[in-house]
Amino acid sequence: MSLANTIKPALLALFIAIAQIVPGSSASAETGVLTVAGGCFWCVEADFEKVKGVSEVVSGYTGGSVADPTYKQVTRGGTGHYEAVQIMFDPSVVSRKSLLELFLRSVDVTDAGGQFCDRGDSYRTAIFASDPQETALAQEVKSQAERDLGQQIVTPILAEKKFYPAEDYHQDYYKGDRLILTRFGPKRQAEAYKAYRNACRRDQRVQELWGDAAPFTGS
C-alpha cells in the first residue's frame, strides 16, 4: 500500500501545500510563456491549444507602440503591432525549443508580407524573446529550420514588448458556438473558422513547405 493511502487526508493536504512552496520542489514547476506571431491569431491559438503541456493560449497584440490597441486599429495599420499569441506551457512536459520548432513549421516562414490570405504588417510572423538566452535559443531553432527547409526564413526574432490581450470575442474563436454572418453565409463561429482557414489555404501552403514535418495541417 502506498504512503498516500495511509496518511489522513488533512495531513496529505498539508504535505502537498508545503511541496508547493519549497524551492526546487517538483510541485512548484514554473509556467513558461512563449510569444509568437503567425498571421491570424485564431489559427495559432487553435494549433497550440492541442499541444500536450500547453495550458492556455491567449490571442492578442504586441510589438507596437500604441497602448491598448483594438482589432480595428491593428488591422488598419500604423500601430506597429502584430496579431500574436502568448503560449503558456509546462516546461516539464514540453520545452520552449519544441514549441519554437512547432511554430516555425506551422507558418509560411518565407513570406514577409503577411500570412496566406491575410496581408499587411499586422499579419507578419515573428518570435519574441525576453532575454539573451531566449534570443539565442530562437536563433538556434531558426537556423536548424532553415537547414531543414533549404530556404531562407524571414521570420524575425524580436525583443519582447508589452502584450495586450485581444477582445473577448477573439479568444477561443475556433470553437465558439455563436451564430455569425460571414461571406460564406450564416454560420456557427467554429464552422466559420474552419471555412476561413480552408479558404486561406493555410494548411495546404504549410504542407507544401514542410511536408510531413508540418505539425498542425488539418487543424
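**Group meeting: a walk through the model, starting at Ser106**

Okay, let's start with one small detail: the side chain of Ser106 comes to 2.7 Å from the backbone oxygen of Phe103. Before I go on, keep in mind that this is a predicted model.

So where does Ser106 sit? You'll find Ser106 in the loop that runs between helix H4, residues 96–104, and strand S4, residues 114–115. Is Ser106 buried or exposed? Its relative accessible area is 5%, and since anything under 20% counts as buried, Ser106 is buried. And what is Ser106 in contact with, once we leave aside its neighbours within four places in sequence? The list is Asp47, Phe48, Arg202, Val206, Pro215 and Phe216.

Hold on to Asp47 from that list, as we'll meet it again in a moment.

Let me zoom out for the overall picture. The protein chain has 219 residues, and 43% of them are buried. It's built with seven helices and 10 strands. If you take contacts between residues at least 6 apart in sequence, 67% of them join residues that are at least 24 apart. As for the outside, the accessible surface is about 11,400 Å², and carbon and sulfur atoms account for 52% of that.

Now, salt bridges. How many are there? The count comes to 12. The general idea is that side chains of opposite charge can pair when their charged atoms come close. I'll show you three of them.

Here's Asp47 again: its side chain meets that of Arg197 in a salt bridge, 3.1 Å from N to O. Asp47 belongs to helix H2, residues 41–48, and Arg197 to helix H6, residues 189–199, so this pair ties together parts that are 150 residues apart in sequence. Both Arg197 and Asp47 are buried.

Next up, Glu140 and Lys97. They form a salt bridge too, and their closest N and O atoms are 3.3 Å apart. Glu140 is in helix H5, residues 132–149, while Lys97 is in helix H4, so here the parts tied together are 43 residues apart in sequence. Are these two buried or exposed? Glu140 is partly exposed at 43% relative accessibility, and Lys97 is partly exposed as well, at 35%.

The third pair is Glu208 with Arg205, whose side chains meet at 3.3 Å, N to O. Both are in helix H7, residues 202–210, and because they are three residues apart there, about one helical turn separates them. Arg205 is partly exposed, with a relative accessible area of 26%. This pair also belongs to a network of salt bridges that links Asp108, Arg201, Arg205 and Glu208.

Last stop: strand S9, residues 179–182. Which way do its side chains point? They alternate: Ile180 and Thr182 point to one face and are buried, whereas Leu179 and Leu181 point to the other face and are not buried. That fits the general pattern, as side chains in a regular strand alternate between the two faces of the sheet.

And what is S9 joined to? Its partner is strand S10, residues 185–188, which runs antiparallel to it, with four bridges joining the two. To pick one residue, Leu181 has Pro186 in S10 as its bridge partner. S9 and S10 form a hairpin, with two residues between the strands.

That's my tour, so over to you for questions.

Conventions:
Residues numbered from 1 in each chain as written. Predicted model: local features only at pLDDT ≥ 70, side-chain atom pairs only at ≥ 80, totals over all residues. Heavy atoms only, no water. Buried < 20%, exposed > 50% of the residue type's maximum accessible area, 1.4 Å probe, protein only. Polar contact = N/O pair within 3.5 Å; in protein donor to acceptor, adjacent residues only side chain to side chain. Contact = heavy atoms within 4.5 Å. Pairing = 2+ DSSP bridges. Salt bridge = Lys/Arg side-chain N within 4 Å of Asp/Glu carboxyl O. Areas by Shrake-Rupley, 256 points an atom, 1.4 Å probe, with all protein chains shown as cover.
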